[in-house]
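Please find below a short note on the fold of one chain and on a pair of its helices. The points are numbered for ease of discussion.

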Amino acid sequence: MIGEVFSSGTILIIATICAALSGLPMIVPRVPAVTGQVVSIVLMLIAALAGIGAAITVLVTGRAELFVIPWTLPFDNCVLGVDPLSAWFLLPIFLIPGCAALYARTYWHARHNPANVRKMTFFFGLLTGAMSAVVLARDSISFLFAWEIMATAAYFLVSTEDQKKEVKEAGTLYMITTHIGTLGLFALFPLLNLYTGSWLFPAAASLNASSPIATALFLTALFGFGMKAGIMPLHIWLPSAHASAPSHVSAAMSGVILKVGIYGLVRTLTFFHGVPLWWGCFVLLLGVVSGVVGVAFAIGQHDLKRLLAYHSIENIGIIFMGIGVALVGQTTGSSAMMMLGMAGALLHVLNHATFKALLFLGAGSVIHASGTREIDQLGGVARRLPYTALLFGVGAVAICGLPPLNGFISEFLIYLGFFRGVQGTGIAAAATALAAPALAMVGGLAVACFVKVYGIVFLGVPRSEEHAGGHEATWQMLMPMTLLAMLCAVIGLAPGLLEGALQQASMTAMPAILQKGVQPLAALVPLPLLTIMGITLLMLLALLYFWYRYRLTTSPVGETVTWGCGYQRPLARMQYSASSFAQMLTGLFAFVLKPQAHRPRIAGIFPRRTSFQSHVPESLLELVYIPALERFYERFIPIRKLQNGILQQYVLYYLITLIVLFLSDNF
Amino acid sequence: MTNILIHLLLAIFMPPLLLGVIGKTKAAFAGRIGAPFLQPYYDIFRLLRKGTVFSTTTTWIFRAGPIVSLATTAVAALLIPFGAHPAPISFQGDMILYAYLFALGRFFTMAAALDTGSSFEGMGSAREATYSCLAEPTLFFALITLSRLSGSYSLSAMLIKVSSSIWLEAGAALILLVGGMFIVLLVENCRIPFDDPNTHLELTMIHEVMVLDHSGPAFGLIQYGASLKLFVLGAFFVHLALPYATGTPSVDWLLFIISMLELAVIIGTVESVMARLRLVRIPQLLVAATILAAFSTLLVIR
């Protein structure tokens, strides 16, 4: 077996390099784009299979490995490593890009997109490799290297279609925000160096969390990684970037890049012991705000992909809630809360990757077939794209956290964490008691939002013939979606399969569990009973289905138009639209959403033809950040002279900086 | 074993009777004789034997709607204890499954409504979505309060724990919960003052307008599912408001049946003496219910 010759860590490093270089054939101009695309897809699939296999091995054995690679940089050695926490995040990092790469074969076919397919394929491979390297890095410097490659590759992917103005703007916004986030990390790692005296990551639970410098580390990590994860109020880059990128890139961004941000935060938190209560409560609060406000924004969207992007913010909020419960548990010394919260958060990382990638790929198929992202232009897509409709439906049920699919399992764990927390005392109990209903509300709003999407896009009749959806997706597009949908079902119906791996990963992510005496996950959650309940539900459904089908064959069945309360000629335009469906809810949340409506004036007995428009803007960006930044910009105009675009002068700045550093070091 | 059998028999056969009792109560208030107690059974059986008319715009989602909503309610019925007897299936966290099963049923009912392409059904679906979002937190505040009061994590344990001694101990919190949960019970089951199952004006309805296009056996399943939902949510409420228990199994079953009938009479009375609320008022009342439940949580946590 290969596993005996190479250790899982070695295979992971090889898979990382293989993925990173998979797009190389595409930048050789003499290789035809069509051939290059096939080669790079094959390389990506090999990397994905090897990576997932090795990650599973690490999770099953629970064995950690370290590789020390000396380099000539004036910092410590480059250290790479793998442990169950890294391996857990490597699952989506290899799974989703593997699926997306295959999907891109027809979705972004080289023949139809000659202008940008080379660039896109190359950076897609690089992105995958870089994300894997971030998770494997065990010292600050290689972490930052990988982080920046990841961020930059993602920029080129977002701006794949950079001839479009809105795509360019989205790319620029992403570039600015990701660098502001990186600025947080540039503060984080030197602070860590100041604390430990080394550029290597400190050992688990080795730092005392009560010192002021620990507080600074926590806040900078929350800022830097929160920016990447898209937690409110640092989410402003996310909706436009996800909407502008090609759908399979959106799947990888939403499914995985955000999770790398979560990984960074979780990894940083493993360094500490004795965390104060406010850390957990603060993370919990951020999670609740992101969850509720994210989904409320989603309900107001008319653009299919923007809507899905806002749901990513909501789901990141749910993950933060899980981490928050675990941190509160660490303070109060409840091993059950730590285990449940962290296991729920980590499982939700994987679950969100599967169903959100599935939804973005499904949205891609709809856009590919119909040529529009506008929900209110679509309708009746299920008739032309039945398989896509079915698979998207699975994703929609899963993302709402409904049984018997995977989203329910992770939310179930987090809820149980809340219920454990409520038995405690003081602020810890109050915080968890208030978070549980908030999560319930997020679930209810998510159901409303996905009923809207599914109902308006896939059901009913087409709202315009030109966007009716011409053709079903090809097998290269359907196969990754089927795989992801099956994963949603398998994790939902048999969560016991992941129990061991999840427990290993949670204990690595929360070293304090070990000190408090491990309560195995099996003792805290009746996972086999969830399987039984899921199967009971499916059996009951099957029973009713067969009975109903039998009834339909033995009784008269007729067909007619939908009952229109006496009106005989219903038109497609008379259907309920996405905006009208969402109108009550956006009204309730108007205090944050600030919906804008352009109402027509209707006058006279025979009013003239007119139109009505309403939309929900990214209010935080448009009403808070941009005005503030404009003021900031005006203040700093004098300093802008330094940034004059002349490269020679920039080199001069380097020289001056070096001289200043040299002098300050020697005097 | 006998208890499980009685649980299943009650869950299967008793629900439509509640609708009959509600109807009879309303008739009594209006000075009519009213339909017989067993009328809902006749209605459902007649629908199950009838033919079906489908709209040409519908897909398989439309056919799945009634099936999923009945199946999810039926599974939820296995999780809820009836009176002093624990539920057939009980495990840590079953209250979360209980709440989410209803959400799954609602998802498919609302999607089926949108499948018809009718704006009336879309309207009903949007209303259902909005009101359930507001009702959900109330239920979870109630669950949190009960979990804290009983120190347990399953529906059977936390609901059976509610007794006269708990009422003496945490009466204020429980009164608030009873208020909040009664509102949730009425809105979830589409009763007056939130929704009127008997109205004939599509524009003002919620649940009935969503199922406007269903006919025949599917509509029979919907009617039966609605009565089962009333029964299952009612059983939850009865634990809070009327926690009678004697310790003798047969007497406890009888007490449970009597309390459920009492609940039906109470709902019938509310329906007779109240007018329907204007639609814009409904969210306000639901938020009030959430606040009541939140107060009760804070009372037990402090």
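1. Helices and strands are taken here as DSSP runs, with at least four residues for a helix and at least two for a strand, and they are numbered from the N terminus. On that basis, chain B of this predicted model contains 13 helices and one strand. In sequence order, the elements of chain B follow the pattern α-α-α-β-α-α-α-α-α-α-α-α-α-α.

2. The overall dimensions of chain B may be considered next. The C-alpha trace of chain B spans about 55 × 40 × 40 Å along its principal axes. A compact globule of 302 residues would have a radius of gyration near 19 Å, so the 19 Å found for chain B agrees with that expectation.

3. Burial and contacts add to this picture. In chain B, 60% of the 302 residues count as buried. Of the contacts in chain B between residues at least 6 apart in sequence, 78% join residues at least 24 apart.

4. One helix pair deserves separate attention. Two packed helices are described by the angle between their axes and the distance between the axes. In chain B, the axes of α6 (residues 119-150) and α9 (residues 171-188) come within 10 Å and cross at roughly 150°. The crossing of α6(B) and α9(B) is left-handed.

5. Which residues make this contact? From α6(B) come Y131(B), A135(B), T138(B), L139(B), A142(B) and T145(B). From α9(B) come A173(B), L177(B), G180(B), M181(B), V184(B), V187(B) and E188(B). By character, the residues of the contact of α6(B) with α9(B) comprise nine nonpolar, three polar and one charged.

Technical notes
Residues numbered from 1 in each chain as written. Chains lettered and ligands numbered in written order. Predicted model: local features only at pLDDT ≥ 70, side-chain atom pairs only at ≥ 80, totals over all residues. Axes fitted to C-alpha atoms, helices over the stretch in contact; angles between N-to-C directions. Left-handed = near helix turned anticlockwise from the far one by under 90°. Contact = placed C-beta atoms within 7 Å. Nonpolar A, V, L, I, M, F, W, Y, C, P; charged D, E, K, R; others polar. Rg over C-alpha atoms; globule rule 2.2 N^0.38 Å. Buried ≥ 20, exposed ≤ 12 C-beta atoms within 10 Å, placed from the backbone.
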